[in-house]
Amino acid sequence: MAALKYAGLEDTDSEEELPPGWEERTTKDGWVYYANHLEEKTQWEHPKSGKRKRVAGDLPYGWEQETDENGQVYFVDHINKRTTYLDPRLAFTVEDNPVKPTTRQKYDGNSTAMEILQGRDLSGKVVIITGANSGIGFETAKSLALHGACVILACRSLARGEDAVQRILGEWHKAKVEAMTLDLASLQSVQHFAEEFKSKNLPLHILICNAAVFGVPWSLTEDGLESTFQVNHLGHFYLVQLLEDVLRQSSPARVVVVSSESHRFTEINDSSGKLDFSLLSPSKKEYWAMLAYNRSKLCNILFSNELNRRLSAHGVTSNAVHPGNMIYSSIHRSWWVYTLLFTLARPFTKSMALFVYLTEFTEEGGSSAAPVGLKGLLLYGCCRYLTYI
Ligand SMILES: NC(=O)c1ccc[n+]([C@@H]2O[C@H](COP(=O)([O-])OP(=O)(O)OC[C@H]3O[C@@H](n4cnc5c(N)ncnc54)[C@H](OP(=O)(O)O)[C@@H]3O)[C@@H](O)[C@H]2O)c1
């Protein structure tokens, strides 16, 4: 409803309660009329305000309009398997003669993923979301799947991915969801994932680079890079390179990189203003978990901007997003202090239900020597991207 207010489409229901005995109904064409059960009469005008109204937009996804034997319109909600004479869009009515909204429709921090996607039919769209077994990634996967998209949950643990798939199927048994293994801490795993996805011959309309680690102790990946940097940024960078051709062929397509406001509190340049590679994948001595996270999130944004600059002419856009501060997902799990802070902040931050966001070079061979060469190439390509900005 907040969304409609922003759109200039007033939500009049809360202010205009019906007197007792009156009921609000809609015609097949979406016009609102009022039935008075005591006097057995109907009229177009609201009994109190005298305004005429109509419903705005399409029915929510999964709903259908039918007419009963008396010619009265009723609604079937196929997802929750129920029938009602109340038009679900009655919460979103506009005046018969509204002033055309002058601004684009916007949403605020209280808009839910389901509100944003309301009325959207995403059938035929194929989406990959990394780290979709928990937190924001899971909510995004669920919301997109419940609106008809075919969603691939790219997770480092297939068991956790399958569990997430079952949770979505539990909400709608016809949802098109599948879990696939993707460990961003392994370039080989990223490569396998891309190959397996390509072997399905599916298009790819939305790639959401969401997975991340936060505040983890220093460790090196099997590719010899600091984990936060590789998981949060480089793994995604590589994934996008490998799937770029599919994205282009599926245009219009988009990449969404989930970043964070915390990117503001860091630097990746040295004193002369040049990219300092040692800051990206620091040694144990120079590692500070929070800073490593911030840097990886800065890389996310720089990468997304440059990707958009390079690919938008080919019908593939890229956007980096900040999902909100200190949302109580699993991100704080690496240290009890973070868990405590996130718990304290929880009453004041967004809840998980509010989500959706709703954004060259070739790799050689797959031999055992490849990871080293590949890593070098990737880092070179990644730096080229980051220094373009
Ligand atoms: N929560 C916030 O307040 C907040 C604020 C700003 C930005 N963000 C961003 O929002 C995004 C989602 O975070 P979240 O809050 O939803 O956290 P989350 O619940 O911890 O989700 C992170 C996901 O990333 C996955 N992941 C971790 N390492 C991986 C790897 N090596 N390969 C593949 N997947 C891996 C995790 O899988 P496992 O379950 O297997 O570990 C998990 O599914 C992140 O990019 C984060 O930076 C969050």
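**Two WW spans and helix H9**

Hi everyone, let me start with the annotation: an unreviewed UniProt entry puts the feature "domain: WW" at residues 16–49 and again at 57–90. Please keep in mind that what we have here is a predicted model.

So what do those two spans look like? In residues 16–49, the end C-alpha atoms lie 7 Å apart, with 0% helix and 38% strand. For residues 57–90, the end C-alpha atoms are 10 Å apart, and that span has 0% helix and 38% strand.

Now let's move along the chain to helix H9, which covers residues 336–345. Which residues of H9 are buried? They are Tyr338, Phe342 and Ala345. Looking down the axis of H9, the buried residues fall within an arc of 65°, so they line one face of the helix. The general background is friendly here: an α-helix has 3.6 residues a turn, so residues three or four places apart point the same way. As for what covers the buried residues of H9, helix H8 (289–311) is included.

Turn to the face of H9 that points away from the buried side, and you meet the exposed residues Trp336 and Leu344. Both Trp336 and Leu344 belong to a nonpolar patch on the surface, together with Met326, Trp335, Leu340 and Leu341. Together, the patch residues have about 660 Å² of accessible area.

One last residue: is Leu341, which sits in H9, buried, exposed or partly exposed? Leu341 counts as partly exposed because its relative accessibility is 43%, and the band for that label runs between 20% and 50%.

Thanks, everyone!

Notes:
Residues numbered from 1 in each chain as written. Predicted model: local features only at pLDDT ≥ 70, side-chain atom pairs only at ≥ 80, totals over all residues. Heavy atoms only, no water. Patch = residues over 30% accessible without salt bridge, like charges linked within 9 Å, V, L, I, M, F, W, Y side chains within 5 Å. Areas by Shrake-Rupley, 256 points an atom, 1.4 Å probe, with all protein chains shown as cover. Salt bridge = Lys/Arg side-chain N within 4 Å of Asp/Glu carboxyl O. Helix = DSSP H or I, 4+ residues; strand = E, 2+ residues; numbered from the N terminus. Buried < 20%, exposed > 50% of the residue type's maximum accessible area, 1.4 Å probe, protein only. UniProt positions renumbered as here; feature names shortened; annotations may be inferred. Arc of directions from axis to C-beta. Contact = heavy atoms within 4.5 Å.
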